[in-house]
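Let's take a walk through a protein model together. Have the sequence and the 3D view open, and look things up as we go.

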Amino acid sequence: MLTLVRRRGEHRTDPLLRVVFSLGNQDERSLLRERFREQVSGKLTVRLPGRERALRAELIAGRLIGLGAALGLHRDGAGSRATPEHLVDLYGPALQVLVSG
C-alpha cells in the first residue's frame, strides 16, 4: 500500500486505476470520474460525521472497490467460502475507523 501511495504521489497517477481509466477517451474517463464523485463519494461525504469527510469518503470508496476487486479476482478463493458476516468482521474495523473519523 505504501508503494502505491508513493507512486501515485510521485507520478500523479495510480497504477491500479490507470487500468480502469485507460479504457475510452478523455471525455469518457472524465464523465466516469464525475459520476462516481456525484453518485458515490459525494453522497457518502454528506453522511459522514466530523472532519475531513470528503477525504474519508474517497478512502472508504477505495477500500470497498478494493474489496470488490479482491473478491472478484479470487472468485474461487477463500473469500468465496467466507460468510458475509465473517468478511465484515475482518474488513469492517478498517472501514469503521474512516466512517467514525
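## A chain of helices

Starting at the N terminus, the elements of the protein chain follow the order α-α-α-α-α-α. Keep in mind that this is a predicted model. The count comes to six helices and zero strands.

How much of the chain is buried? Of the 101 residues in the protein chain, buried ones make up 12%. There is also a number for contacts between residues that sit far along the sequence from each other. Take the contacts in the protein chain with a separation of 6 or more: residues 24 or more positions apart account for 41% of them.

## Two helix pairs

Two packed helices are described by the angle between their axes and the distance between the axes. Here are both values for two pairs in this model.

| Helix pair | Angle between axes | Distance between axes |
|---|---|---|
| α3 (residues 26-47) and α4 (residues 53-73) | about 120° | 8 Å |
| α4 and α6 (residues 84-100) | about 165° | 9 Å |

What do those angles tell you? An angle over 145 degrees counts as roughly antiparallel, and with about 165° between them, α4 is therefore roughly antiparallel to α6. The pair α3 and α4, at about 120°, is oblique instead.

Handedness comes next. α3 passes α4 in a right-handed crossing, and the crossing of α4 and α6 is right-handed too.

## Who touches whom

Let's start with α3 and α4. On the α3 side, the contact is made by Phe 36, Val 40, Ser 41, Leu 44, Thr 45 and Val 46. On the α4 side you'll find Arg 53, Ala 54, Ala 57, Glu 58, Ile 60, Ala 61 and Ile 65. Sorted by class, this contact has nine nonpolar, two polar and two charged residues.

Now for α4 and α6. From α4 come Arg 56, Leu 59, Ile 60, Arg 63, Leu 64, Gly 66, Leu 67 and Leu 71. They meet Leu 87, Tyr 91, Ala 94, Leu 95, Leu 98, Val 99 and Ser 100 in α6. Here the residues divide into 11 nonpolar, two polar and two charged. Did you spot Ile 60? This residue of α4 is part of the contact with α3 and also of the contact with α6.

## Zooming in on a few residues

Thr 45 is a good place to stop, and you'll find it in helix α3. Is Thr 45 buried or exposed? Its relative accessibility is 14%, and since buried means under 20%, Thr 45 counts as buried. Leaving out residues up to four places away in sequence, Thr 45 touches Arg 53, Ala 54 and Ala 57. There's a polar partner as well: a polar atom of the Thr 45 side chain lies 2.7 Å from the backbone oxygen of Ser 41.

One of those neighbours, Ala 54, has its place in helix α4. With a relative accessible area of 39%, Ala 54 is partly exposed. Ala 54 and Lys 43 are 11 residues apart in sequence, and their C-alpha atoms are 9.7 Å apart in space.

Back in helix α3 there is Gly 42. It is partly exposed as well, with a relative accessible area of 31%. Gly 42 and Glu 58 are 16 residues apart in sequence, while 8.7 Å lies between them in space, C-alpha to C-alpha.

Finally, where does Glu 52 sit? It lies in the loop between α3 and α4. At 55% relative accessibility, Glu 52 counts as exposed. Check its backbone too: phi is near 55°, a positive value in a residue other than glycine.

Key. Residues numbered from 1 in each chain as written. Predicted model: local features only at pLDDT ≥ 70, side-chain atom pairs only at ≥ 80, totals over all residues. Heavy atoms only, no water. Axes fitted to C-alpha atoms, helices over the stretch in contact; angles between N-to-C directions. Helix = DSSP H or I, 4+ residues; strand = E, 2+ residues; numbered from the N terminus. Parallel < 35°, antiparallel > 145°, perpendicular 65-115°, else oblique. Left-handed = near helix turned anticlockwise from the far one by under 90°. Contact = heavy atoms within 4.5 Å. Nonpolar A, V, L, I, M, F, W, Y, C, P; charged D, E, K, R; others polar. Buried < 20%, exposed > 50% of the residue type's maximum accessible area, 1.4 Å probe, protein only. Polar contact = N/O pair within 3.5 Å; in protein donor to acceptor, adjacent residues only side chain to side chain.
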